[in-house]
Amino acid sequence: MDIEALKKMIDGGRDGAMPRLTLGEALAREGDTQAAQAHLRRAIEFDPDYSAAWRALGRLQLKAGEREAAAETFRSGLEAARRRGDMQIVKELEVRLKRLDEQ
């Protein structure tokens, strides 16, 4: 789904965590990291346990050189993933946090 279609869907009342995550990731691919982060934060507001949104936000922060913010985001995402039982994201975020601690 393209960015404009996602925006229309959200504006048309079909807003939620998943459309916001999808839009945030699409904007990130286009290089609009500021808007991407805003949509990812909105996804988390919709569903604080949406570990995929936490992971995506942390990745963007890390890519932008915001190490402390990324680490905090990854920690929150790790808690969310554990609550949800999303073991794949638990493992990934544990590795990411370990690497950040080692640097």
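**Exercise 1.** Which residue forms a salt bridge with Asp49, and how far apart are the closest N and O atoms?

*Solution.* The model is predicted, so local features need pLDDT of at least 70 and side-chain atom pairs count only at pLDDT 80 or more, while totals for chains, interfaces and linings use all residues. Residues are numbered from 1 along each chain as its sequence is written, and side-chain values use heavy atoms, with hydrogens and water left out.

Step 1. Apply the criterion: a salt bridge is a side-chain nitrogen of Lys or Arg within 4 Å of a carboxyl oxygen of Asp or Glu. The partner of Asp49 is Arg83, with the closest N and O atoms 2.6 Å apart.

Step 2. Place the pair. Asp49 lies in the loop between helix 3 and helix 4 and Arg83 in helix 5, so the bridge ties together parts that are 34 residues apart in sequence. Helices (H or I, at least four residues) and strands (E, at least two) are DSSP runs, numbered from the N terminus.

Step 3. Check exposure. Asp49 is partly exposed, with a relative accessible area of 23%; buried means under 20%, exposed over 50%, and partly exposed in between (1.4 Å probe, protein chains only).

**Exercise 2.** Describe the salt bridges of Arg84 and Arg55.

*Solution.* Step 1. Arg84 forms a salt bridge with Asp47, the closest N and O atoms being 2.6 Å apart. This pair joins helix 5, which holds Arg84, to the loop between helix 3 and helix 4, which holds Asp47, across 37 residues. Arg84 is partly exposed, at a relative accessible area of 41%.

Step 2. Arg55 pairs with Glu92, and here the closest N and O atoms are 3.1 Å apart. Arg55 belongs to helix 4 and Glu92 to helix 6, 37 residues apart. Both count as buried: Arg55 has 16% relative accessibility and Glu92 has 19%.

Step 3. Through shared partners, salt bridges join Arg55, Arg59, Glu92 and Arg96 into one network. The full count is nine salt bridges.

**Exercise 3.** Which residues touch the most other members of the largest nonpolar core?

*Solution.* Step 1. A nonpolar core is a set of buried Ala, Val, Leu, Ile, Met, Phe, Trp, Tyr and Cys residues joined through side-chain atoms within 4.5 Å. The largest has 31 residues, and those touching the most other members are Leu21, Leu23, Leu40, Tyr50, Ala53 and Phe74.

Step 2. Two or more core residues come from each of helix 1 (3–11), helix 2 (17–29), helix 3 (33–46), helix 4 (51–63), helix 5 (67–84) and helix 6 (87–102).

Step 3. Take Leu21 and leave aside its neighbours within four places in sequence. Its contacts (heavy atoms within 4.5 Å) are then Leu40, Ala43, Tyr50, Ala52, Ala53 and Ala56.

**Exercise 4.** Compare the span of helix 5 with expectation, and state what its buried residues pack against.

*Solution.* Step 1. The expected span is 1.5 Å times one less than the number of residues. For the 18 residues of helix 5 this gives 26 Å; the end C-alpha atoms are 25 Å apart, which agrees.

Step 2. The buried residues of helix 5 include Ala70, Phe74, Leu78 and Ala81. Its buried residues pack against helix 4 and helix 6.

Step 3. Just after helix 5, Gly85 takes a positive phi of about 80°.

**Exercise 5.** How many helices and strands does the chain have?

*Solution.* The chain has six helices and zero strands, in the order α-α-α-α-α-α. Buried residues make up 44% of its 103 residues.
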